[in-house]
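Me: Could you pick one part of this structure, zoom in on it, and walk me through what its residues are doing? Please give me the cut-offs as you go.

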Amino acid sequence: MSNEISRKRPDWPSLLFGDGTPHKAAVTALIVGTLLTAINHGDLILAGQFPPFLKVLLTYCVPYCVTTWGAVTGKIAQAERQFRDQDTNAQLNGHSS
């Protein structure tokens, strides 16, 4: 029974919000978004104008989403490796999974 619990795949909320993923993604979005905003809209900002809000918002959203996606796919790959390792260990020890 404990083997069934340990083999449970992570659910989407824990993949998206667990292990500090939102915080890491927000920090990345803040740094990368600011750099990209400066690169893409720096001339407007230096001229005293504000670039279109939607473009700036998307400039911050993209690195947030990319960081979150990378974290989720990494967590899924890690869980799959753990399942394979458990299966391999069970076979080596003569147990069925």
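Reply: Burial first: a residue counts as buried under 20% relative accessible area, as exposed over 50%, and as partly exposed in between, using a 1.4 Å probe and protein chains only. Keep in mind that this is a predicted model, where local features need pLDDT of at least 70, side-chain atom pairs count only at pLDDT 80 or more, and totals for chains, interfaces and linings use all residues. Residues are numbered from 1 along each chain as its sequence is written, and side-chain values use heavy atoms, with hydrogens and water left out.

The part I'd zoom in on is helix α4, but a little context helps. The chain has four helices and zero strands, where helices are DSSP runs of H or I with at least four residues, strands are E runs of at least two, and numbering starts from the N terminus. In sequence order that reads α-α-α-α. Of the 97 residues, 20% are buried. As for contacts (heavy atoms within 4.5 Å), take those between residues at least 6 apart in sequence: 74% of them join residues at least 24 apart.

Now α4 itself, which covers residues 53–92. Its 40 residues should span 58 Å at 1.5 Å a residue, and the end C-alpha atoms sit 59 Å apart, so the two agree; the expected span is 1.5 Å times one less than the number of residues. The buried residues of α4 are V56, T59, P63, T68, V72, K75, A79, F83 and A90. After the helix comes G94, which has a positive phi, near 80°.

K75 deserves a longer look. Its relative accessible area is just 14%, so K75 is buried, yet it forms a salt bridge with D19, the closest N and O atoms being 4.0 Å apart. The cut-off here is a side-chain nitrogen of Lys or Arg within 4 Å of a carboxyl oxygen of Asp or Glu. Side chains of opposite charge can pair when their charged atoms come close. D19 sits in the loop between α2 (12–17) and α3 (21–46), so the pair ties α4 to a part 56 residues away in sequence. Unlike K75, D19 is exposed, at 61%. A search of the whole structure turns up one salt bridge.

Right beside K75 in the numbering, G74 also belongs to α4. G74 is partly exposed, at 34%. Its C-alpha atom is 9.5 Å from that of L15, 59 residues away along the chain.

Then there are the cysteines. A disulfide is a covalent bond between the sulfur atoms of two cysteines, and the cut-off used is a pair of cysteine sulfur atoms within 2.5 Å. The structure has zero disulfides. Why does C61 not bond to C65? The closest cysteine sulfur to that of C61, in C65, is 6.0 Å away, which is too far for a bond. C65 is likewise in no disulfide. Both count as partly exposed: C61 has a relative accessible area of 31% and C65 has 49%.
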